[in-house]
Amino acid sequence: MREALSGATTESAAVAHLVALGYEDPVEAAARSTAVEQARQATLKAAEELLKKGDVATAIDSLESMCGDASEWAAPHHLLARAYCLAGRWDAVGERLRWLEWQGVEHAELALLRAKLALRKRSLDAATDQAEYAKHLHHPLPAAEVLIGEVEFRRGNLAASEAAYRRAIEVPGPNAAAWAGLAAIALRRDELAEAIDCSLRAIEQEPRLASAHYRLGLALQKLHRTHEATAALRAAAALNPTLAGPFRWLALLAVKQGEPVAAKEFQRLGKEVIARRSLRRRA
C-alpha cells in the first residue's frame, strides 16, 4: 500500500515537473487546435456569406480582424482582397495582392484581380497578361475572357473583343458581363437591335448590372424611344452612383422633351458624380 502511494506521489510530482517545464498533453493540445481551426473556418465562412448577401462593409471588418489575429493564414487575406474589390477600395486590393504574392500564393481569382487593377491603371498589356495567366490557372474562366474582351474593346479591336466575349458565353452559367460587352460592341457598330437584344439578355441574368441598363438606354435613345431610354438610363444611374454618363444623356433627352428644369438637374447630378470621382482620386 505504501509502495502504491509512494509511486502515485512520485508520478504526480513528475507530471507537475513536466507541466512546469511547459509540457502539454498532446490529446488536449490536438483538441484545442481543432477547436481553434473550426472557429476560424466558421468565421471565414460567415464572412463569405456576408459578401454573397452584399454586406461588404461587415465582411471587411470581420476579415480585417482575422488577418490581424492569424496573419500567416492566407485564406482571409484572399477573401479580403475580393471584398476590397467589391467595395472599390483598389489601393487596399493592391496591398492584399502584394501580401499574398510575398507568401507565394497563386490562384486564378488573384490573377484576375491583378488584371482588373492593371486595367484601372490603363496598363492594357499587364491586364491581358494577368487575365491569360488566370486562364492558365483555371480553364475555362469566363471572367478572364470578359476582361480580355474589355481590353480589346478599349484598343478598338472589335473583332478580338467580340471573340473573347463569345468564348465567355460559351461556358455554361451566368455570363451577364459578356452580354453587356457584346451590347457595347453592337452600339459601336451602330447595330441597335443587336445592342438592345444583348443588353436585355444581360439584364435578364443580372438585373442590377448598371452597364447593361446604360447600353440599353443608349440604343433606345438612338431609336428615338425616349421614354424607354429615360427609364433605362435612370436605372443605370441608380445602380451605379459613380457613372456620370447616364446623366449627360438624361439631360439631352430632357431638352428634347422640352423639360429645361429637369435637364439642368441632370447636368448638376452629373457634375456631382465627376466631382466625387476627382476627390477620391486625390484622396
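This report describes one helix pair and a set of salt bridges in a predicted model.

**The pair α9 and α10**

Two packed helices are described by the angle between their axes and the distance between the axes. For helix α9 (residues 158–169) and helix α10 (residues 176–188), the axes come within 9 Å and cross at roughly 155 degrees. Because angles over 145 degrees count as roughly antiparallel, α9 is roughly antiparallel to α10. The crossing of these two helices, α9 and α10, is left-handed.

On the α9 side, the residues in contact are L158, S161, E162, Y165, R166, A168 and I169, and they meet A177, A178, W179, G181, L182, I185 and R188 of α10. Sorted by character, the residues of the contact of α9 with α10 comprise 9 nonpolar, 2 polar and 3 charged.

**Salt bridges**

Side chains of opposite charge can pair when their charged atoms come close. Across the whole structure, a search finds 18 salt bridges, and three of them are set out below with the separation of their N and O atoms.

| Pair | N to O distance |
|---|---|
| E48 and R82 | 3.8 Å |
| E64 and R89 | 3.9 Å |
| R155 and D125 | 2.4 Å |

In the salt bridge of E48 with R82, the closest N and O atoms are 3.8 Å apart. E48 belongs to helix α2 (residues 26–53) and R82 to helix α4 (residues 74–87), so this pair ties together parts that are 34 residues apart in sequence. E48 is partly exposed, its relative accessible area being 24%, and R82 also counts as partly exposed, at 27% relative accessibility.

The side chains of E64 and R89 likewise meet in a salt bridge, at 3.9 Å from N to O. Here E64 sits in helix α3 (residues 56–69) while R89 lies in the loop between α4 and α5 (90–102), and the pair therefore ties together parts that are 25 residues apart in sequence. Both ends count as partly exposed, E64 with a relative accessibility of 33% and R89 with one of 39%.

For R155 and D125, whose side chains meet at 2.4 Å from N to O, the partners are again in separate helices: R155 lies in α8 (residues 142–155) and D125 in α7 (residues 124–137), so the salt bridge ties together parts that are 30 residues apart in sequence. R155 is partly exposed, with a relative accessible area of 37%, whereas D125 is exposed, with a relative accessible area of 54%.

Finally, a network of salt bridges links E132, K135, E145 and R167.

Notes. Residues are numbered from 1 along each chain as its sequence is written. This is a predicted model: local features need pLDDT of at least 70, side-chain atom pairs count only at pLDDT 80 or more; totals for chains, interfaces and linings use all residues. Side-chain values use heavy atoms; hydrogens and water are left out. Axes are lines fitted to C-alpha atoms, for helices over the stretch in contact, and angles run from 0 to 180 degrees between N-to-C directions. Helices (H or I, at least four residues) and strands (E, at least two) are DSSP runs, numbered from the N terminus. Angles under 35 degrees count as roughly parallel, over 145 as roughly antiparallel, 65 to 115 as roughly perpendicular and the rest as oblique. A crossing is left-handed if the near helix is turned anticlockwise from the far one by less than a right angle, and right-handed if clockwise. Contact means heavy atoms within 4.5 Å. Ala, Val, Leu, Ile, Met, Phe, Trp, Tyr, Cys and Pro count as nonpolar, Asp, Glu, Lys and Arg as charged, and the others, Gly among them, as polar. A salt bridge is a side-chain nitrogen of Lys or Arg within 4 Å of a carboxyl oxygen of Asp or Glu. Buried means under 20% relative accessible area, exposed over 50%, partly exposed in between (1.4 Å probe, protein chains only).
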